[in-house]
Amino acid sequence: MKKIIYLLITTLFITACSNDDEGDSLSRRTIMIYFSAENNLSSYASEDINEIIVGSRSLAADCNLIVFVDLKSTKPYIMSVTNGETKVLKTYGSDFYASSPDNMLEILQYMVSQCPAREYATIFWGHGTGSIITNDTVANTFASLKAYGADTGSDTSSDSEKWINTTTLARVMSQLPHQQFIMFDACCMQTVETAYELRNTTDYLIAPLCETPSFGGNYATLVPILGHTDIASLPREIIDDYTGSNNKWSSVAKYFSNVCISAVKTSQLDALAAATYTALRSLYAGNKLRLSTNPAAASADDPTSCIYYFKTRGLRAGYPILYDMKDVMRNNLSAEAYQAWLPYLERAVIYKSRPDDIRTTGVCDWFGGDDPNVFGYPLPMFSSANFRSFLLSDDTYGGLAMIVPQDIYSTNTEPDMLQAMFDYQWTSTVGWNSWGW
């Protein structure tokens with residue numbers, strides 16, 4: 001009944017983004033961009049908002065563009081952007097946590113009501129930590145990062161940051177119209193746990209696996225692409241623009257070459273889960289199934305670790321926690337079992353991009369550098385020496401990260417990921433509880 005009433009209200013609402021060409025009151029696509037930037041990314045968000053305005057001049061006329069903005073310098077507001085012109089539709093009278101699920105749902109439902117369309121897509125801009133999960137909307141420390149947001153809730157920098165877990169984000173998105181694609185312009189969000197959680201809310205999930213520069217994509221060139229009609233090729237076009245010559249990353253080229261980013265077709269994730277269950281079962285011999293994250297053959301020119309995208313505990317200097325799914329499975333399965341499993345991953349990850357290996361570039365495989373002050377805080381994880389611990393190649397890079405249960409997570413990670421990972425549907429579906437965890 002609530003959904004019926006909501007649809008009636010949406011239909012009757014006097015919209016701010018209606019398209020009346022040829023008598024059709026509904027636009028083809030509404031693109032919603034959600035800036036959770038009341039944090040240390042605020043100035044970068046302002047730059048990207050200006051790029052969005054520029055890019056809107058080349059957006060297809062049958063597409064709506066509506067943006068929620070939460071910065072440190074202003075009260076939160078929602079605006080529509082059309083052909084280089086902005087219109088503020090709503091200004092909130094006080095600050096709040098944009099990472100709160102109730103606030104997020106109200107904002108996104110309002111955006112939908114203002115700009116109804118036949119198709120929808122959402123971009124979440126801000127901080128991200130993928131599958132690392134803890135209780136929702138609790139104070140953040142570097143040792144207990146989680147999901148998406150890092151919002152301070154006010155313009156006072158001393159206020160604690162709060163995040164939203166992707167399990168909760170999925171419940172928010174399930175109450176909105178189905179999305180053609182969800183994109184995260186946020187670090188580490190392309191994990192199999194996150195993708196599986198969101199699989200029923202979107203056709204495609206586009207996101208980086210690793211940490212990304214603070215200034216994000218180039219929206220002056222990205223926004224026009226978001227309106228392209230061929231949804232099957234759209235993820236590839238978005239990723240090529242995000243990583244291509246239009247990006248703004250030359251300013252940190254000394255430390256950083258590019259990002260690992262991919263597009264997942266969510267309709268293939270149930271098949272991938274079933275294949276992963278079968279593959280893990282082939283390895284189980286009683287007690288706990290412990291996957292090795294250290295390649296069997298290692299030399300001075302070979303990796304000493306499977307690819308990982310993030311560390312937890314302390315200033316990202318602790319234990320690897322988000323591993324490349326392909327690299328781990330390749331390292332543990334028999335040749336026959338791996339070849340049986342791999343096609344399911346390749347059907348799910350429909351497109352992926354990676355930087356050249358550090359042996360070619362001479363700099364880190366992605367964001368970071370040796371200078372501890374280049375970004376204002378130490379980055380011990382991101383030294384070039386650290387990244388030589390694994391090699392990034394077509395054989396090893398799969399475009400999807402995963403949690404690999406390890407005993408060290410119980411006592412040496414905050415939160416305890418051996419418990420927290422069971423909040424994800426993926427964890428139970430692939431049988432980690434059956435393999436002794």
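Contact here means heavy atoms within 4.5 Å, and axes are lines fitted to C-alpha atoms, for helices over the stretch in contact, with angles running from 0 to 180 degrees between N-to-C directions. Helices (H or I, at least four residues) and strands (E, at least two) are DSSP runs, numbered from the N terminus. With that in hand, helix α3 (residues 101-114) lies across β1, β2, β3, β4 and β5 and runs at about 150° to β1.

A word on ground rules. This is a predicted model, where local features need pLDDT of at least 70 and side-chain atom pairs count only at pLDDT 80 or more, while totals for chains, interfaces and linings use all residues. Residues are numbered from 1 along each chain as its sequence is written, and side-chain values use heavy atoms, leaving out hydrogens and water.

**The nine-stranded sheet**

Strands pair if DSSP finds at least two bridges between them. On that basis there is an open sheet of nine strands, ordered β4-β3-β2-β1-β5-β9-β10-β11-β14, with mixed pairing. β4 (85-91) and β14 (349-353) stand at the edges with a single partner strand each, so one side of each has no neighbour in the sheet. From one strand to the next, the twist averages 15°.

Here are some of the pairings, from this sheet and from the three-stranded one described further down:

| Strands | Sense | Bridges | Facing residues |
|---|---|---|---|
| β1 (27-37) and β5 (117-125) | parallel | eight bridges | Y34 and F124 |
| β1 (27-37) and β2 (63-71) | parallel | nine bridges | R29 and C63 |
| β2 (63-71) and β3 (77-82) | antiparallel | four bridges | V67 and M79 |
| β13 (319-324) and β15 (401-403) | antiparallel | three bridges | L322 and I403 |

How buried is strand β1? Buried means under 20% relative accessible area, exposed over 50%, and partly exposed in between (1.4 Å probe, protein chains only). By that yardstick 11 of the 11 residues of β1 are buried, so the strand is largely enclosed by the rest of the structure.

β1, helix α2 (residues 42-56) and β2 make a right-handed β-α-β unit. Right-handed means that, with the strands pointing away from the viewer, the path from the first strand over the helix to the second runs clockwise. Within helix α2 sits E51. This glutamate is buried, at a relative accessible area of 14%. Leaving aside residues up to four places away in sequence, E51 touches G217, N218, Y219, A220 and K248.

K72 belongs to the loop between β2 and β3. With 24% relative accessibility, K72 counts as partly exposed. K72 and N40 are 32 residues apart in sequence, but their C-alpha atoms are 8.5 Å apart in space.

**The three-stranded sheet and α9**

There's also an open sheet of three strands, in the order β12-β13-β15, with antiparallel pairing. Its edge strands are β12 (308-312) and β15 (401-403), each pairing on one side only. Ignoring direction, neighbouring strands of this sheet are turned by 35° against each other on average. Helix α9 (residues 325-332) packs on this sheet, touching β13 and β15, and its direction makes about 90° with that of β13.

The axes of α9 and helix α10 (residues 335-348) come within 10 Å and cross at roughly 170°. That makes α9 roughly antiparallel to α10; the cut-offs are under 35 degrees for roughly parallel, over 145 for roughly antiparallel, 65 to 115 for roughly perpendicular, and oblique for the rest. M325, K326, M329 and R330 of α9 make the contact with Y338, W341, L342 and L345 of α10.

What covers the buried residues of α9? The cover includes α5 (192-197), α8 (269-283), β13, α10, β15 and α15 (425-429). Six of the eight residues of α9 are buried, so this helix is largely enclosed by the rest of the structure. The buried ones are M325, K326, D327, V328, M329 and N332.

**The core**

A nonpolar core is a set of buried Ala, Val, Leu, Ile, Met, Phe, Trp, Tyr and Cys residues joined through side-chain atoms within 4.5 Å. The largest one has 131 residues, and L108, F184, L272, M325, W341 and W432 touch the most other members. M325 has contacts with V192, L272, T276, W341, L345, L400, A401, M402 and W426, not counting residues up to four places away in sequence. In soluble globular proteins, nonpolar side chains tend to be buried together.
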